[in-house]
Amino acid sequence: MRKKIIAGNWKMNTIVEDGVTLASSINTEIKNVTLRDDTFVIIAPPFTHLTFINQLIDSDKLLLAAQNCSTETKGAYTGEVSAEMLKILGCDAVILGHSERRAYYHETSDILIKKLDQVLKNHMIPIFCCGEMLEQREKGEHFKVVENQISEVLFDLSEEDFSKVVVAYEPVWAIGTGVTASNEQAQEMHAFIRKIISEKFGNNIADNTSILYGGSVNPSNASELFSQKDVDGGLVGGASLKADNFINIIEAI
Ligand code: PEP
């Protein structure tokens, strides 16, 4: 069944104490929101917060995600955190290929293939991000860019593994800028993504794939974006750092 998902990417924000307070508020307030059976909320705090936040979550609607993981299983990789470590800390999901990681840490499709393998081996949900830069959209290359990002990393998966993936379309020009893709732009790209998935894996798998929109989602624009036919929820950055805003966005799904 295609799931509706609202995921909050906290990036490198909050110290542990503030992160625990934020997660605790979300955990409490979410219980007052009526969510359908097919709807889930995910929060992705920094690595350092995961143990503490995992201990306080007691809503079955709230899942925990990491923002990244290592390409490797274990060993001499100073500073890295393996997918197994994250699974043991209580993570249900891992964000992969966020545009900030692609831009600042040079994450390529080859790197993402390895990370994806680690996440799947450890039975977590990969939230795979894709999205074009402004110049690419202006040149009309946005569909090709997104198709390449998706096909290079996800299209060698088995049907069974692909079915575990959540796709997040995040146009880079909309991330953290306050500029949101229009409802039409979001729907157009989500429909395109579903089409290429269908061509590769068939209609049934495409229909069941959750495709989230990310890029300056806030309480005012969430409901229109989420009402688009192929938009199954959102990956939310800045607005996920305030419990009230995040809850308002969850209420819009
Ligand atoms: C993100 O970082 O994934 C994101 C969508 O950020 P923002 O909502 O702040 O644009």
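## Exercises on strand pairing and a ligand site

S2 and strand S3 (residues 62–66) form a parallel pair that is held over three bridges. The structure is a predicted model, and the exercises below refer to that model.

**Exercise 1.** Determine which residue of S3 stands opposite isoleucine 42, and how the chain crosses from S2 to S3.

*Solution.*
Step 1. The residue opposite isoleucine 42 is leucine 63 in S3.
Step 2. On leaving S2, the chain passes through helix H2 (residues 50–56) before it reaches S3, and this β-α-β crossover is right-handed.

**Exercise 2.** Establish how strand S1 (residues 4–9) and S2 pair, and trace the chain that joins them.

*Solution.*
Step 1. S1 and S2 run in the parallel sense and pair over six bridges.
Step 2. One opposed pair consists of lysine 4 and threonine 39, the latter in S2.
Step 3. The connection from S1 to S2 goes through helix H1 (residues 16–29), as a right-handed β-α-β crossover.

**Exercise 3.** Decide whether strand S2 (residues 39–44) is largely enclosed or not, and justify the decision.

*Solution.*
Step 1. A residue counts as buried when its relative accessible area is under 20%.
Step 2. Thr39, Val41 and Ile43 point one way from S2, while Phe40, Ile42 and Ala44 point the other way; all are buried.
Step 3. Because six of the six residues of S2 are buried, the strand is largely enclosed by the rest of the structure.

**Exercise 4.** Apply the reasoning about burial to S3, then identify how S3 pairs with strand S4 (residues 93–96).

*Solution.*
Step 1. On one side of S3 are Leu62, Leu64 and Ala66, and on the other are Leu63 and Ala65; all are buried, and both faces are thus covered.
Step 2. Five of the five residues of S3 are buried, so S3 is largely enclosed by the rest of the structure.
Step 3. S3 and S4 pair in the parallel sense over two bridges. Alanine 65 has alanine 93 in S4 as its bridge partner.
Step 4. Together, S3, helix H3 (residues 83–89) and S4 make a right-handed β-α-β unit.

**Exercise 5.** Locate glutamate 132, state whether it is buried or exposed, and name the side chain with which its own side chain makes a polar contact.

*Solution.*
Step 1. Glutamate 132 lies in the loop between strand S5 (125–130) and helix H6 (134–138).
Step 2. The relative accessible area of glutamate 132 is 0%, so this residue is buried.
Step 3. The side chain of glutamate 132 makes a polar contact of 2.7 Å with the side chain of arginine 137.

**Exercise 6.** Describe the surroundings of the ligand and its polar partners.

*Solution.*
Step 1. The ligand is surrounded by 14 residues, the closest being Lys11, Glu170, Gly176, Ser216 and Gly237.
Step 2. Sorted by class, this shell holds four nonpolar, eight polar and two charged residues.
Step 3. An N or O atom in the side chain of histidine 98 is 2.8 Å from an oxygen atom of the ligand. A polar backbone atom of glycine 176 is 2.6 Å from a ligand oxygen atom, and a backbone N or O atom of glycine 238 lies 2.8 Å from an oxygen atom of the ligand.
Step 4. The ligand taken alone exposes 290 Å², of which the protein buries 95%.

Note on methods
Residues are numbered from 1 along each chain as its sequence is written. This is a predicted model: local features need pLDDT of at least 70, side-chain atom pairs count only at pLDDT 80 or more; totals for chains, interfaces and linings use all residues. Side-chain values use heavy atoms; hydrogens and water are left out. A residue is near a molecule or strand if one of its heavy atoms lies within 4 Å of it. A polar contact is a pair of N or O atoms within 3.5 Å; within protein, one must be able to donate a hydrogen and the other to accept it, and residues adjacent in sequence count only if both atoms are side-chain atoms. Accessible areas come from the Shrake-Rupley method with a 1.4 Å probe; for residues, only the protein chains shown count as cover. Ala, Val, Leu, Ile, Met, Phe, Trp, Tyr, Cys and Pro count as nonpolar, Asp, Glu, Lys and Arg as charged, and the others, Gly among them, as polar. Buried means under 20% relative accessible area, exposed over 50%, partly exposed in between (1.4 Å probe, protein chains only). Helices (H or I, at least four residues) and strands (E, at least two) are DSSP runs, numbered from the N terminus. Two strands pair if DSSP finds at least two bridges between them. A crossover is right-handed if, with the strands pointing away from the viewer, the path from the first strand over the helix to the second runs clockwise.
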